[in-house]
Amino acid sequence: MGKNTKTKEYIWAILAVIVLTAFDQFTKLLALRQLKGNEPFVLWEGVFELHYLENRGAAFGILQNQQFFFVCITIIMAVVIVTCFWRTPSDKKFLPMKITLVFLLAGAIGNFIDRMIRGFVVDFFYFSLIDFPIFNVADIYVTVSFAVLAVLILFVYKEEDLAVYTSKKKK
């Protein structure tokens, strides 16, 4: 791949992260304006509703009020994700991996912004049917990305394909 192709790939990735993060922040702003202080907005009775929650912890509310920990973990994860993106070959075969890494980074940044600006993460999607913890768009990015990443690593890419992440030389 030429340098021009790599540059375009990085620009595409940066723009995608910005757009995805902006969408996450937009939905959280809507939740703050429309849901905070109000009763949940029921979309499907007994199944799904928009329910405002200020989450000061991680997934499922664990590690409440550990902002310093979350900042450190997010910065470390962002560096790991960007490094993996940089090491991922530009072959068409690796496009799913690159897209997955973009969504993962956008999700991490989306919740990071909340923690830095508000001191909590705005959550608002609630599946009342199964009493699933309340979540947001960034959480969807992260959760789906991890699931896709697991499938890619376990079932799509061969060991030789994944060697680009452990070898010293970039492919």
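## Aromatic contacts and a nonpolar patch in a predicted model

Aspartate 131 counts as exposed, because its relative accessibility of 54% lies over the 50% cut-off. The structure described here is a predicted model, and within it aspartate 131 belongs to the loop between E3 and H4. The backbone at aspartate 131 deserves a second look, since its phi is near 50°, a positive value in a residue other than glycine. Most residues other than glycine have a negative phi.

The loop that holds aspartate 131 also contributes phenylalanine 135, whose aromatic partner, phenylalanine 125, lies in strand E3 (residues 121-126). How are the two rings of phenylalanine 125 and phenylalanine 135 arranged? The pair is tilted, with 5.5 Å from centre to centre and 50° between the planes. Because phenylalanine 125 is in the strand and phenylalanine 135 is in the loop between E3 and helix H4 (137-156), the pair ties together parts that are 10 residues apart in sequence. Phenylalanine 125 counts as buried at 17% relative accessibility, and phenylalanine 135 likewise counts as buried, at 14%. A search of the whole structure finds 10 aromatic pairs, and ring pairs link Phe48, Phe124, Phe125, Phe127, Phe132 and Phe135 into a cluster.

Rings also take part in contacts with charged side chains, as the table shows for two cases.

| Charged residue | Ring | Distance of the charged end from the ring centre |
|---|---|---|
| Lysine 98 | Phenylalanine 85 | 4.2 Å |
| Arginine 115 | Phenylalanine 70 | 4.2 Å |

In the first row the charged end of lysine 98 sits over the ring of phenylalanine 85, and in the second the charged end of arginine 115 sits over that of phenylalanine 70.

Helix H2, which spans residues 67-87, offers residues with contrasting surroundings. Is threonine 74, a residue of H2, buried or exposed? Threonine 74 is buried, because its relative accessible area of 14% falls under the 20% cut-off. Leaving aside neighbours within four places in sequence, threonine 74 is in contact with Ala108 and Phe112. Valine 80, which is also found in helix H2, counts as partly exposed at 40% relative accessibility.

Valine 80 is one of the residues of a nonpolar surface patch of about 510 Å², made together with Phe69, Ile73, Ile76, Met77 and Phe146. Which element gives the most to this nonpolar patch? H2 does, with five residues.

Key
Residues numbered from 1 in each chain as written. Predicted model: local features only at pLDDT ≥ 70, side-chain atom pairs only at ≥ 80, totals over all residues. Heavy atoms only, no water. Helix = DSSP H or I, 4+ residues; strand = E, 2+ residues; numbered from the N terminus. Buried < 20%, exposed > 50% of the residue type's maximum accessible area, 1.4 Å probe, protein only. Contact = heavy atoms within 4.5 Å. Patch = residues over 30% accessible without salt bridge, like charges linked within 9 Å, V, L, I, M, F, W, Y side chains within 5 Å. Areas by Shrake-Rupley, 256 points an atom, 1.4 Å probe, with all protein chains shown as cover. Salt bridge = Lys/Arg side-chain N within 4 Å of Asp/Glu carboxyl O. Phe/Tyr/Trp six-rings, centres within 6.5 Å; stacked < 30°, edge-to-face > 60°. Lys NZ or Arg CZ within 6 Å of the ring centre and 35° of its normal.
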